[in-house]
Amino acid sequence: MPDQTITSVSRENRKFRPSAEFKAQANLGSEALYKRLYAESVNSPEKFWSKQAKEHLVWRKPFKQVLKWQAPHAQWFLGGKLNVAENCLDRHLGTQRENKAALIFEGEPGDVRTITYRQLHGHVSQLAQVIESMGIGAGDRVAIYLPMIPEAVIAMLACARVGAIHTVVFGGFSPEALKDRINDCKAKLVITADGGWRRGKVIELKANVDKAVEGTPTVQTVMVVKRCGNPVTMKAGRDVWWQDTAAAAAKPHKAKAFDAEHPLFILYTSGSTGKPKGVLHTSAGYLLGAKMSAHYVFDLKETDRYFCSADIGWITGHSYVVYGLLANGSTIFIYEGAPNQPEPDRFWQMIDRHALTILYTAPTAIRAFMRWGDDYVRRHRLDSLRLLGSVGEPINPEAWIWYHTLIGKKRCPIVDTWWQTETGCIMISPLPGVTATKPGSATRPFFGVVAKVVDDQCREVPRNSGGKLVITQPWPSMLRTLWGDDDRYVRQYFSEFPGRPEIYFTGDGARQDEDGYFWIVGRIDDVLNVSGHRIGTAEIESALVSHPSVAEAAAVGRPDELKGQALCVFVTLKAGYAASEELKEQLRSHVGKEIGSLAKPDTIRFAAGLPKTRSGKIMRRILKEIAAGGAVKGDISTLDDFSVVAALQSDE
Ligand code: PRX
C-alpha cells in the first residue's frame, strides 16, 4: 500500500462535549451506560442482538437462531419471519402515530404535500396490489428511477411489502448506466416519472428509461408517475401511468411474512474494477441496524422532523430517509430539487418553514454553503434545529466548525457518521448525548461494531499511526453478497488477509488517536470520493476509451476544496485525432452520457503517453501527484519510460 494514502497529517485537538441540556434529554446520556452496552454488544453479540431484535422489530414468527456465521457468509435471525413494510407502517396504525405526518415533501417549484402514517400505509398497500397484479412477487427485481418525491418512498415500501427486491438507480445516472443495472439484476418492472425538477428545469427521466429499456429484454412494464407534465411517449402494452393504476386498486392489502434473510434490495456501488457491484441487503438484520442506529445516533424523539438531504438512490436515502426513520415512526422531510434553487438559502428557508429539527447532509454540501456566503444563512432563524449530521466523506475541520457555528448556533451536537453501502448502517459515529466530538473524527464504533486499524498482516497498528480499517466481527446489517457474483464478494471484502476469511476490509485507510477515536483518511483502492459519491476510476476510464478518439485513459483524484476530490483524467488519443478544447468538451459529455453528470471529469489532460510500469500497469500514484500540481516524488524505479513523466510535467 503506498504510504501517502494512509499518512494522516491532520491534528485537531478541539473537543466539544455534549451540553448538560442535551445530555439530560438524550436517548442515551450516560457514558457508563454506553460503555456497558457497547461491551455487551461485542462480548456477547448474540445475546445483545437477540434482545434488540425482539425489542425493535415486529415479528410474525420468532427467530430460533440469532447468527449463523460461516465466514465470510452471515445469516441472522434464522427461522424468524417478518414483513419490512409492516415494520415501517402497519405497526404505527392504531397508535398515537397513526395520524402523525410520516412524510413532508417539498417540490422544487414549492409544492408541499404532507402524508400521514395512515395515508402512507394506504398508498403503499395500493401500489403493492397493483404490482402484484402485474405479476411481481417475492424475489422479483424492480428498478426504481425516480426523483425525490413521495412516490419514491412508496415504491420502495410497496416492493418490500410484496417481497420484491428493489434496486433504486439515482436519477442522475444516464440511460446507459440504468440499462446495465437493470440487466445485471434482470428487473421485470421499472418505476419512473415523466420528469423531475432540478434547477428550474425538467430532468427527462422517462425519456432516459425509453433509451435504457431498448436494451433490457427482461423489462415487461414501465410505470410512470406524472410529476412535471412534460410530454412523454407511452408505449402501448408496456407503459402505464402510476396515477391510473393506483386508482384501480382499493382493497386492503394483507402483507405476507418473509424470512429474516429474504433479500430486501440491491444497491449498485462503484468498485475498483469493471462494472458496479450489486450490494445485496436482506430484511431483518438490515432493518434492525437501520432502526437502532437511527434511534441512538439521531437521538430520535416523537416530535422530531428529520431532514436528510441524500437522494434515495444512495444508501443514505435507503437507511436514513426510508427504512430506519419510518420504522421508528419519525416524520421525514424530503426535498426534490437543488439546494440553490431559486437562491442558495433554500435549505435554511425550508428548515424554518417546516420547523425541521435534524439535518443530515454531506461535507460537499456544507462546503458549497460556505462558498455561497454566510448572509444566506443569517437571514434565517434555524432555531428549530437540535442536531446535525454529516456523512459521505471526511469532514474537514473548517467545514465542521462552520456547520457547528453558523447552522447549529453552537447549540446542536454534530454526528459525523462513517459507514458504507456495504455496511447498511452507521458503524462509527458519536452518540450525541455521550460522546465528546472532535472536528473531523467519526469518533467511536456503534454497538456491535468491532473496528480496528491494522497493517498488511492484520496486526493492530499503534495509536496515531495509519493503517487499513477493518471490521472483525459480523454485524446484522452487513451486506450478504454481491448480486450474481459471490466470488467477487469474497475477493473484494474478505480476502485482504490470507487465512483470515472473517475479516471485513472496508477499503478505507484510518488511524485511531490516543482516545481511540477513528479518523478516516480516505479510500486506499482506486476508488474516488467525489462529492460524497464513490466513483470507480475503472468505470470512468472504460467510458473514455469507448469514445472513438481515445486510445488510453487514466482517471485520478486531486484534492478539491468543494468536492473533496476532483476528477482529473489523462487521455492519449488515437492517431488522426488532435487535442482541442472542443474534443475535451466532447469527452466530458461522453462520460456524462455513459455514466451520468456526476462522473464528468473536472480536468482533462491530453498526453502523448501515460507513465507505466514495465509490466504495463498505469502508475496512478505518479498521475495523482501531477494532477495535484506537485513534483513527482517517491520511488519511480519501476517506471518504464521517464520521458513520459517529464512531458506530462512540462505540459502544465
Ligand atoms: O470512504 C468512506 C466514505 O465513503 C465511503 C462509502 O461510500 P458509500 O458506500 O457511497 O456510502 C456513503 C454513505 C454512507 C467510505 O468507505 N465515508 C462515508 N462516510 C464517511 C466517510 N469518510 C469519512 N467520514 C465519514 N463520515
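Let me begin with one side chain, Phe494, which is buried, since its relative accessible area is 3% and the cut-off for buried is under 20%. Please keep in mind throughout that what we are looking at is a predicted model.

What does Phe494 pair with? Its partner is Tyr489, and the two rings form an aromatic pair that is tilted, with 5.3 Å from centre to centre and 55° between the planes. Tyr489 counts as buried too, because its relative accessibility is 0%. Across the whole model the count of aromatic pairs comes to 37, and some of these ring pairs link up into a cluster made of Tyr34, Tyr38, Phe48, Trp49, Tyr296, Phe446 and Phe447.

Let me turn now to the ligand, which is surrounded by 17 residues, the closest being Asp416, Thr417, Thr421, Arg523 and Arg534. If you sort the residues of this shell by character, you find six that are nonpolar, six that are polar and five that are charged. Which helix and strands each supply at least two residues of the shell? They are helix H11, which covers 315-327, strand E20, at 414-417, and strand E25, at 518-523.

Several side chains approach oxygen atoms of the ligand. In Thr421, an N or O atom of the side chain is 2.6 Å from a ligand oxygen, while for Asp508 a polar side-chain atom lies 2.9 Å from a ligand oxygen, and for Asn529 the corresponding distance is 3.5 Å. Taken on its own, the ligand has 540 Å² of accessible area, and the protein covers 96% of that.

Next comes a strand, E14, which runs over residues 263-269. Is E14 largely enclosed or largely open? It is largely enclosed by the rest of the structure, because six of its seven residues are buried. Strand E14 is joined by six bridges to strand E15, residues 277-282, and the two run antiparallel; within this pairing, Ile266 stands opposite Leu280 of E15.

I will finish with helix H12, residues 346-354, which is mostly covered, given that seven of its nine residues are buried. Those buried residues are Arg346, Phe347, Trp348, Met350, Ile351, Asp352 and His354, and if you read through the names you will notice that Arg346 and Asp352 are on the list alongside Phe347 and Trp348. Just after H12 comes Ala355, which takes a positive phi of about 50°.

Key:
Residues are numbered from 1 along each chain as its sequence is written. This is a predicted model: local features need pLDDT of at least 70, side-chain atom pairs count only at pLDDT 80 or more; totals for chains, interfaces and linings use all residues. Side-chain values use heavy atoms; hydrogens and water are left out. A residue is near a molecule or strand if one of its heavy atoms lies within 4 Å of it. A polar contact is a pair of N or O atoms within 3.5 Å; within protein, one must be able to donate a hydrogen and the other to accept it, and residues adjacent in sequence count only if both atoms are side-chain atoms. Accessible areas come from the Shrake-Rupley method with a 1.4 Å probe; for residues, only the protein chains shown count as cover. Helices (H or I, at least four residues) and strands (E, at least two) are DSSP runs, numbered from the N terminus. Ala, Val, Leu, Ile, Met, Phe, Trp, Tyr, Cys and Pro count as nonpolar, Asp, Glu, Lys and Arg as charged, and the others, Gly among them, as polar. Buried means under 20% relative accessible area, exposed over 50%, partly exposed in between (1.4 Å probe, protein chains only). Two strands pair if DSSP finds at least two bridges between them. Rings of Phe, Tyr and Trp (its six-membered ring) pair if their centres lie within 6.5 Å; planes under 30 degrees apart count as stacked, over 60 as edge-to-face and the rest as tilted.
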